[in-house]
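Visitor: I would like a close look at one part of this model. Please start from a single side-chain pair and work outward.

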Amino acid sequence: MKKIEAIIKPFKLEEVKENLATAGIHGLTVQEVKGFGRQKGHTELYRGAEYIVDFLPKIKIELVVSDKLLDKAIDAIQNSAKTGRIGDGKIFVSNLEQVIRIRTGEKGEKAI
């Protein structure tokens, strides 16, 4: 089992969610986060004063998939979140040792 964490642009969330559903992946967790990478924020004007916005709004999605669905999930996220511009985000994949469904006590892939 793998855990996928992806940081994407907020306006891409619906497209990513739809592509994951098409790939057969239906459960995910979403958080509104702020951060920066190479783009290092930007400057804005407010009431005539210029100020720097260091942290940009992003969306972090987390999902757990079986090993056989990993490539489909990565492709779905990458293809739908990509704009070709700086700040498209990142995908992180890590191994999971155990998953337990609280309600039923199911473990492993049955709990996904």
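Which residue forms a salt bridge with K9, and how far apart are the closest N and O atoms?

Guide: A caution first: this is a predicted model. The partner of K9 is D88, and the closest N and O atoms of this salt bridge are 3.7 Å apart. K9 lies in the loop between β1 and α1, and D88 in the loop between α2 and β6 (90–95), so the pair ties together parts that are 79 residues apart in sequence. In general, side chains of opposite charge can pair when their charged atoms come close.

Are the two partners buried or exposed? Both K9 and D88 are buried. For K9 the relative accessibility is 13%. The cut-off for buried is under 20%, so K9 counts as buried.

Now the surroundings of K9. Leave out residues up to four places away in sequence, and K9 touches K58, T83, R85, I86, G87 and D88. So D88 appears both as a contact of K9 and as its salt-bridge partner. There is also a backbone approach to report. The C-alpha atoms of K9 and I59 are separated by 6.1 Å, though the two residues are 50 apart along the chain.

How does this pair sit among the other salt bridges? The structure holds 6 of them. E62 and K3 form one, with the closest N and O atoms 3.0 Å apart. This pair also links distant parts of the chain: E62 is in strand β5, K3 is in strand β1, and their positions lie 59 residues apart in sequence. Exposure differs across the pair. E62 has 15% relative accessibility and therefore counts as buried. K3 has 24%, so K3 counts as partly exposed. R101 and E106 give another salt bridge, at 2.9 Å from N to O. Here R101 is partly exposed at 27% relative accessibility. E106 is partly exposed too, at 31%.

Back to the loop that holds K9. This loop runs between β1 and α1, so follow the chain into α1. The helix spans residues 13–22, and L13, V16 and L20 in this helix are buried. Seen down the axis of α1, the buried residues fall within an arc of 65°, so they line one face of the helix. The general rule helps here: an α-helix has 3.6 residues a turn, so residues three or four places apart point the same way.

What covers that face? The cover of the buried residues of α1 includes β1 (2–8), β2 (29–35), β5 (56–65) and α2 (70–81). After α1 comes G24, with a positive phi near 90°.

The α2 side of that cover can be taken apart further. The axes of α1 and α2 come within 8 Å and cross at roughly 150°. The cut-off for roughly antiparallel is over 145 degrees. The two helices are therefore roughly antiparallel to each other. The crossing of α1 past α2 is right-handed. On the α1 side, the residues that meet α2 are E15, V16, N19 and L20. On the α2 side, they are A73, A76, I77, S80 and A81. V16 and L20 thus have two roles: they are buried in α1, and they meet residues of α2.

N79 gives a contrast within α2. N79 has its place in that helix. Its relative accessible area is 58%, so N79 is exposed. From N79 to V16 the C-alpha distance is 8.3 Å, with their positions 63 residues apart in sequence.

Just before α2, look at the loop between β5 and α2, where S66 is found. S66 is buried, with a relative accessible area of 6%. Leaving aside neighbours within four places in sequence, S66 is in contact with E109 and I112.

Last, a residue in the segment after β6: I102. At 85% relative accessibility, I102 counts as exposed. I102 is 24 Å from K17, C-alpha to C-alpha, and 85 residues from K17 in sequence.

To return to the starting point: K9 and D88 are both buried, and their closest N and O atoms are 3.7 Å apart.

Methods:
Residues numbered from 1 in each chain as written. Predicted model: local features only at pLDDT ≥ 70, side-chain atom pairs only at ≥ 80, totals over all residues. Heavy atoms only, no water. Buried < 20%, exposed > 50% of the residue type's maximum accessible area, 1.4 Å probe, protein only. Helix = DSSP H or I, 4+ residues; strand = E, 2+ residues; numbered from the N terminus. Arc of directions from axis to C-beta. Contact = heavy atoms within 4.5 Å. Salt bridge = Lys/Arg side-chain N within 4 Å of Asp/Glu carboxyl O. Axes fitted to C-alpha atoms, helices over the stretch in contact; angles between N-to-C directions. Parallel < 35°, antiparallel > 145°, perpendicular 65-115°, else oblique. Left-handed = near helix turned anticlockwise from the far one by under 90°.
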